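Here is a set of questions and answers on a single protein chain, intended to be read with the sequence and the model side by side.

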Amino acid sequence: MSTRLLRILAMAMAAIVVATGTAAQAIASTGRSPSIASLAAAAPGVVSGRITDITRLTPQYGGSGTIAGQAVVEGPVPAMGTVNFGSFGECASQHDGPVPTGDLVVHDGKVENAFVYVQDGLGDRVFAIPTTPVEVDQKGCLYAPRVAGAQVGQTVRYVNGDALLHNVHGTPKDSSAWNVSLPRQGAEREIRVDHAEVMVSVRCDLHPWMQGWLGVVDHPYFAVTDAEGRFTLRDVPPGDYTLAVWHERLGTKTTRVSVAPKGAAETRLTLTAPR
Ligand SMILES: [Cu+2]
């Protein structure tokens, strides 16, 4: 290998080290992973970050505690309505009977489809973005699941499960909106959301009852409650957290929770019935 080639290689390696250091610095100062754009704009110069800082990016360094619990509502809740399919017979005909609107699924005070997430307490940790996409279907002219969650930058794949035209119209406040057409069964489009936001409304403009929700956070500690109102957050680092719950009809609540090293915290999130 010629001396000239070696010199070029050495310069390239140095540039990589500088760029990596700048990225680590950006992560350390903002607590967020830098966007591709900010990485590209980062001027090579002072190397103040250390490669070892990057180990914080890997989730296995996060911890092994759990936060589990249940979302409940106190007091009587209104009965859920049924979807008015109007003149859209091709939607109604996919169901055997009346279809619940899905906006207030409560069984014996246990709240399904609530979005639970760590709102505060993770400090400046930065987590790897999962490579597995979150998938949301449009099936029977409904979003399935109705409530989904994703990490900032994670791929969210919307799929049309119906043999008719839908679109997917997401309207975050802090990130770019998206409005994509899914013209036929099996059509799919992938989106990513740039900034954390709970909650992003996702609708279909053709079918006015089609409401979905996407909770976007910059870490992996989120969940959607099941039919028993239950959720579990795994691999949580030890620490004191603010845990938040969001529900489209029952509003939001926060509670404090402490996780010991490898500990299991159990909590109850009590929402208030609408008046
Ligand atoms: Cu639609």
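Q: In what order do the 5 strands of the open sheet lie?
A: In this predicted model, the 5 strands make an open sheet whose pairing is mixed. Its edge strands, each pairing on one side only, are S7 (147–151) and S10 (178–182), and neighbouring strands are turned against each other by 25° on average, direction ignored. Read across the sheet, the order is S7-S13-S12-S9-S10.

Q: Which residue in S13 stands opposite Val-147?
A: Strand S7 covers residues 147–151, and 5 bridges join S7 to strand S13 (residues 211–217), the two running parallel. The residue of S13 that stands opposite Val-147 is Trp-213.

Q: Is Arg-203 buried, partly exposed or exposed?
A: Arg-203 belongs to strand S12, which spans residues 197–203. A residue needs 20 or more other C-beta atoms within 10 Å to be called buried and 12 or fewer to be called exposed. Because Arg-203 has 19 other C-beta atoms within 10 Å, the class of Arg-203 is partly exposed.

Q: How many Å separate the C-alpha atoms of Arg-203 and His-169?
A: When neighbours within four places in sequence are left aside, Arg-203 is in contact with His-169, Met-210 and Gln-211. His-169 and Arg-203 are 34 residues apart along the chain, and the separation of their C-alpha atoms is 5.1 Å.

Q: Which strand gives the largest share of the largest nonpolar core?
A: The largest nonpolar core holds 55 residues, and those with the most contacts inside it are Val-116, Tyr-117, Leu-214 and Val-245. The contacts of Val-245, leaving aside its neighbours within four places in sequence, include Ala-71, Val-116 and Leu-271. The largest share of this core, 5 residues, comes from residues 239–247, that is, from strand S16.

Q: How far apart in space are Ala-128 and Asp-218, C-alpha to C-alpha?
A: Ala-128 sits in the loop between strand S4 (115–120) and strand S5 (134–139), and Ala-128 counts as partly exposed because 14 C-beta neighbours lie inside 10 Å. Although Ala-128 and Asp-218 are 90 residues apart in sequence, their distance in space, C-alpha to C-alpha, is 9.4 Å.

Q: What percentage of the contacts with a separation of 6 or more is between residues 24 or more positions apart?
A: The protein chain has 3 helices and 18 strands, and buried residues make up 31% of its 275 residues. Among the contacts with a separation of 6 or more, the part due to residues 24 or more positions apart is 66%.

Key. Residues are numbered from 1 along each chain as its sequence is written. This is a predicted model: local features need pLDDT of at least 70, side-chain atom pairs count only at pLDDT 80 or more; totals for chains, interfaces and linings use all residues. Helices (H or I, at least four residues) and strands (E, at least two) are DSSP runs, numbered from the N terminus. Two residues are in contact if their C-beta atoms, placed from the backbone, lie within 7 Å. A nonpolar core is a set of buried Ala, Val, Leu, Ile, Met, Phe, Trp, Tyr and Cys residues joined through C-beta atoms within 7 Å. Two strands pair if DSSP finds at least two bridges between them. Axes are lines fitted to C-alpha atoms, for helices over the stretch in contact, and angles run from 0 to 180 degrees between N-to-C directions.
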